[in-house]
Amino acid sequence: RDSLYCIAANPGGDLFVGTNDGVYRSLDNGLTWQKKSKGIERLKIEVLFVDSSGVLFAGVYGQVFRSLDTANTWT
């Protein structure tokens, strides 16, 4: 079972949550969720941040990951 640690929204209204098993995204105000953790699966996401241009950052212990495509891929 996933635990929720953080939540963020981008300028387009997409919602993101950080869990103990990666990042999930909702395109319908939280009604449904899709796992979007390719490259960061099975990591505890402790912090999510979206900058003013919509770039999403996910913080885990000792590392920060960035997604330029609304959480589809991470570097």
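Q: What makes the backbone oxygen of T70 and the side chain of R25 a polar contact?
A: In this predicted model, that oxygen lies 2.8 Å from a polar atom of the R25 side chain. The cut-off for such a pair is 3.5 Å, so the distance falls within it.

Q: Why is R25 said to have no salt bridge?
A: Look at the nearest side chain of opposite charge, D14: it is 5.2 Å away from R25. A salt bridge needs a distance within 4 Å, so this pair doesn't count. R25 is buried all the same.

Q: Where does R25 sit, and which residues does R25 touch?
A: R25 is part of strand 3, residues 22-26. Leaving out residues up to four places away in sequence, its contacts include L15, F16, W33, D69 and T70.

Q: What makes up the largest nonpolar core?
A: This core has 14 residues, and V23, I40, I45, L48, L56, A58 and W74 are those with the most contacts inside it. Strand 1, strand 5 and strand 6 each give two or more residues to this core, with strand 6 giving the most, 3 residues. Take A58: beyond four places in sequence, A58 touches V23, I40, I45 and W74, among others.

Q: How many helices and strands does the protein chain have?
A: Zero helices and 7 strands, so no helix run was found by the definition used.

Q: Why is the protein chain called as compact as a globular protein of that length?
A: Its radius of gyration is 11 Å, and the globule rule gives 11 Å for 75 residues, so the two values are close and the description fits.

Definitions and conventions
Residues are numbered from 1 along each chain as its sequence is written. This is a predicted model: local features need pLDDT of at least 70, side-chain atom pairs count only at pLDDT 80 or more; totals for chains, interfaces and linings use all residues. Side-chain values use heavy atoms; hydrogens and water are left out. Helices (H or I, at least four residues) and strands (E, at least two) are DSSP runs, numbered from the N terminus. Buried means under 20% relative accessible area, exposed over 50%, partly exposed in between (1.4 Å probe, protein chains only). Lys and Arg count as positive and Asp and Glu as negative; His and the chain ends are not counted. A polar contact is a pair of N or O atoms within 3.5 Å; within protein, one must be able to donate a hydrogen and the other to accept it, and residues adjacent in sequence count only if both atoms are side-chain atoms. Contact means heavy atoms within 4.5 Å. A nonpolar core is a set of buried Ala, Val, Leu, Ile, Met, Phe, Trp, Tyr and Cys residues joined through side-chain atoms within 4.5 Å. The radius of gyration is taken over C-alpha atoms; the globule rule is 2.2 Å times the number of residues to the power 0.38.
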